[in-house]
Amino acid sequence: MDYSITTREVTEQPVLVGRCRAPRSGIAASIGEVLPRVFQHAQAHGIALTGPPFVRYLDPGPDTMTFEPGMPVAPVTDAAGSDDARSEAGLALEVLPGGTVVTTLHVGPYETLHEAYAAVERWITDAGLTAAGAPWESYLTDPTTVPDPADWKTEVVWPVAPHA
């Protein structure tokens, strides 16, 4: 697949996430467990969801990965779900960083997302940039409403900085 890759500026985005560590074969199951908890916690505590679900890959090891499934949220006050309540649910408030990102749109099944990441990595190197943080993918298509994986749309986002 040919990928159209661009840069853009993004602002910091508060997010509600659950941190997971799993083998590559267990990623989908972990995401499927955490995202409903994020949604339920947000609903129960009046936290406004502001965008599609995503997963940020903090440590993409060869066998086992550390990652954070979550959802963008409006800024959270203490009254909107205490730290204790989030901790009990295994969730945390984090922030996706602002700044320059490289992005592309992947159309197709999740099993081929590695192709989009490889294309973005090559583009970053060729552009003389340096990865500047953990990449994430936002799921723009809901598989429950679009059942054909060939039609799924996922945005891959990678923070970058000028080459040092």
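**Aromatic pairs and the strands that carry them**

F67 has a relative accessibility of 0% and therefore counts as buried. The model is a predicted one, and F67 is a convenient place to enter it. Together with Y57, Y117 and W158, F67 makes up one aromatic cluster.

Searching the whole structure gives 5 aromatic pairs. One of them joins Y57 and F67: the ring centres are 6.1 Å apart and the planes meet at 40°, a tilted arrangement. Y57 belongs to strand 4 and F67 to strand 5 (residues 64-72), so this contact ties together parts that lie 10 residues apart in sequence. Y57 has a relative accessible area of 10%, so it is buried.

A further pair is formed by Y110 and Y139, with ring centres 5.2 Å apart and planes at 65°, so the geometry is edge-to-face. Y139 is part of strand 9, whereas Y110 sits in the loop between strand 7 (99-107) and helix 3 (113-126), so the parts tied together here are 29 residues apart in sequence. How exposed are the two partners, Y110 and Y139? Y110 is partly exposed, because its relative accessibility is 28% and that class covers values between 20% and 50%. Y139, with a relative accessible area of 10%, is buried.

Y139 leads to the rest of its strand. Side chains in a regular strand alternate between the two faces of the sheet. In strand 9 (residues 136-139), W136 and S138 point one way, while E137 and Y139 point the other way. These residues are all buried, on either side.

Which strands pair with strand 9? Strand 4 (residues 54-60) does so in the antiparallel sense, over 3 bridges. Strand 10 (residues 153-162) is also antiparallel to strand 9, and this pairing runs over 4 bridges. S138 takes part in both pairings: S138 is the bridge partner of F54, and E155 in strand 10 is the bridge partner of S138. Strand 4, which pairs with strand 9, is also the strand that holds Y57 of the tilted pair.

The last stop is the surface. M1, L105, V107 and L140 make a nonpolar surface patch of about 350 Å². M1 comes from the segment before strand 1 (5-10). With a relative accessibility of 52%, M1 counts as exposed, because the exposed class begins over 50%.

Conventions
Residues are numbered from 1 along each chain as its sequence is written. This is a predicted model: local features need pLDDT of at least 70, side-chain atom pairs count only at pLDDT 80 or more; totals for chains, interfaces and linings use all residues. Side-chain values use heavy atoms; hydrogens and water are left out. Buried means under 20% relative accessible area, exposed over 50%, partly exposed in between (1.4 Å probe, protein chains only). Helices (H or I, at least four residues) and strands (E, at least two) are DSSP runs, numbered from the N terminus. Two strands pair if DSSP finds at least two bridges between them. Rings of Phe, Tyr and Trp (its six-membered ring) pair if their centres lie within 6.5 Å; planes under 30 degrees apart count as stacked, over 60 as edge-to-face and the rest as tilted. Patches are made of residues with over 30% relative accessible area and no salt bridge: like charges are joined within 9 Å, nonpolar side chains (Val, Leu, Ile, Met, Phe, Trp, Tyr) within 5 Å. Accessible areas come from the Shrake-Rupley method with a 1.4 Å probe; for residues, only the protein chains shown count as cover. A salt bridge is a side-chain nitrogen of Lys or Arg within 4 Å of a carboxyl oxygen of Asp or Glu.
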